[in-house]
Amino acid sequence: MYICIKRLIDIIFSGLGIIVLSPLFLIIALLIKIDSKGNIFFKQKRIGIYKSHFYILKFRTMRIDTPNDMPTHMLGNARSHITKIGLFLRKSSLDELPQLINIFKGDMSIVGPRPALWNQYDLIIERDKYKANEVLPGLTGLAQISGRDELPIISKAKIDGEYVKKKSLILDVQIFIKTVFSVLKSDGVKEGK
């Protein structure tokens, strides 16, 4: 029952979000095009439910010559790869908005563990211990509001496992509300500084 209601909520809210935020999508798309050459969207292979692969969508925030399959914090001098508008989009988390399309399609949920890169084997293996690869990844999750980029992989996987054990609509709502406040304060965002 929880899974069906959660999926219905995902469809309704992501669909509404896409419609309501479409003017903002257009403004961001124009700013990206003005700021640097390349695509508006950035697609990257990620791990979905049961370790399936899907392509996550984000607004492009980096120069086109940046390595594609590497977490930002592992790039030498990450800030030098980020565009001017990209810095703002990352700090405000607006670069994540196209994931509403992933949610609408069913690749992701609003709340769940953040999807690992396809080659983040250490995180994928660690999440297996806690069955965190057996739920849809999310736009936000318990680890996101518990430290985000500052968490070591072992802690992140353990928190993702805690979410899997306790998952409920009430917990999802609590995580979503805390995410809004976390984003407004830019809590735990380290990359690109």
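Lys6 is buried, with a relative accessible area of 12%. This is a predicted model, and Lys6 is a good place to enter it. The charged side chain of Lys6 has a partner. Lys6 forms a salt bridge with Asp172, and their closest N and O atoms are 2.8 Å apart. The pair joins distant parts of the chain: Lys6 sits in helix H1, Asp172 sits in helix H7 (residues 169-185), and 166 residues separate them. Asp172 is buried too, because its relative accessible area is 8% and buried means under 20%. Side chains of opposite charge can pair when their charged atoms come close.

How many salt bridges does a search of the whole structure find? The search finds 8. Another of these pairs is Lys58 and Glu96, whose closest N and O atoms are 3.6 Å apart. This pair also links distant parts of the chain. Lys58 belongs to strand E2 (residues 53-59), while Glu96 lies in the loop between helix H3 (84-92) and helix H4 (99-105). The two are 38 residues apart. Lys58 is buried, at a relative accessible area of 14%. Glu96 is buried as well, with a value of 14%. The pair does not stand alone: Lys58, Glu96 and Arg114 are linked in a network of salt bridges.

Helix H6 (residues 153-166) offers another setting. Here Lys166 and Glu162 meet through their side chains in a salt bridge of 3.4 Å, N to O. Why are Lys166 and Glu162 separated by about one helical turn? They are 4 residues apart in helix H6, which means about one turn of the helix lies between them. Lys166 is exposed, with a relative accessible area of 51%. Glu162 counts as partly exposed, at 36%.

Now follow helix H6 to Tyr163. Is Tyr163 buried or exposed? Its relative accessibility is 3%, so Tyr163 counts as buried. Its contacts reach well beyond its sequence neighbours. Leaving aside residues within four places in sequence, Tyr163 is in contact with Tyr2, Lys6, Val111, Gly112, Pro113, Leu142, Leu171, Asp172 and Ile175. Both members of the Lys6 and Asp172 salt bridge are in that list. Gly141 is 22 residues from Tyr163 in sequence, and the two C-alpha atoms are 7.9 Å apart in space.

Tyr163 also leads to the nonpolar interior. In soluble globular proteins, nonpolar side chains tend to be buried together. The largest nonpolar core here has 23 residues. Those with the most contacts inside this core are Ile28, Ile32, Phe59, Leu89, Leu97, Tyr163 and Ile175. Many elements feed this core. Helix H2 (22-35), E2, H3, H4, strand E3 (109-111), H6 and H7 each supply at least two of its residues. Ile32 shows how such contacts look for one residue. Not counting residues up to four places away in sequence, Ile32 touches Asn39, Ile40, Phe59, Arg60, Ile85 and Leu89. Apart from the largest core lies another, of 5 residues, which includes Ile47, Leu123, Ile124 and Ala157.

Next come the strands. Strand E1 (residues 41-47) and E2 run antiparallel and are joined by 7 bridges. Ile47 stands opposite His53 in E2. E1 and E2 form a hairpin, with 5 residues between them. In the turn, Tyr50 has a positive phi of about 55 degrees. Why is E2 largely enclosed by the rest of the structure? Because 5 of its 7 residues are buried.

Helix H7 holds one more residue to look at, Thr179. Thr179 is buried, with a relative accessible area of 15%. Apart from residues up to four places away in sequence, Thr179 touches Thr140 and Ile145.

Finish on the outside. A nonpolar surface patch of about 760 Å² is made by Met1, Ile5, Leu8, Ile9, Ile12, Phe13, Leu16 and Leu169. Which helix gives the most to the nonpolar patch? Helix H1 (residues 2-20) does, with 6 residues. Phe13 is part of the patch and lies in helix H1. Phe13 is exposed, because its relative accessible area is 52% and exposed means over 50%. Helix H1 thus brings the tour back to its start: Phe13 in this helix is exposed, whereas Lys6, also in H1, is buried.

Key. Residues are numbered from 1 along each chain as its sequence is written. This is a predicted model: local features need pLDDT of at least 70, side-chain atom pairs count only at pLDDT 80 or more; totals for chains, interfaces and linings use all residues. Side-chain values use heavy atoms; hydrogens and water are left out. Patches are made of residues with over 30% relative accessible area and no salt bridge: like charges are joined within 9 Å, nonpolar side chains (Val, Leu, Ile, Met, Phe, Trp, Tyr) within 5 Å. Accessible areas come from the Shrake-Rupley method with a 1.4 Å probe; for residues, only the protein chains shown count as cover. A salt bridge is a side-chain nitrogen of Lys or Arg within 4 Å of a carboxyl oxygen of Asp or Glu. Buried means under 20% relative accessible area, exposed over 50%, partly exposed in between (1.4 Å probe, protein chains only). A nonpolar core is a set of buried Ala, Val, Leu, Ile, Met, Phe, Trp, Tyr and Cys residues joined through side-chain atoms within 4.5 Å. Contact means heavy atoms within 4.5 Å. Two strands pair if DSSP finds at least two bridges between them.
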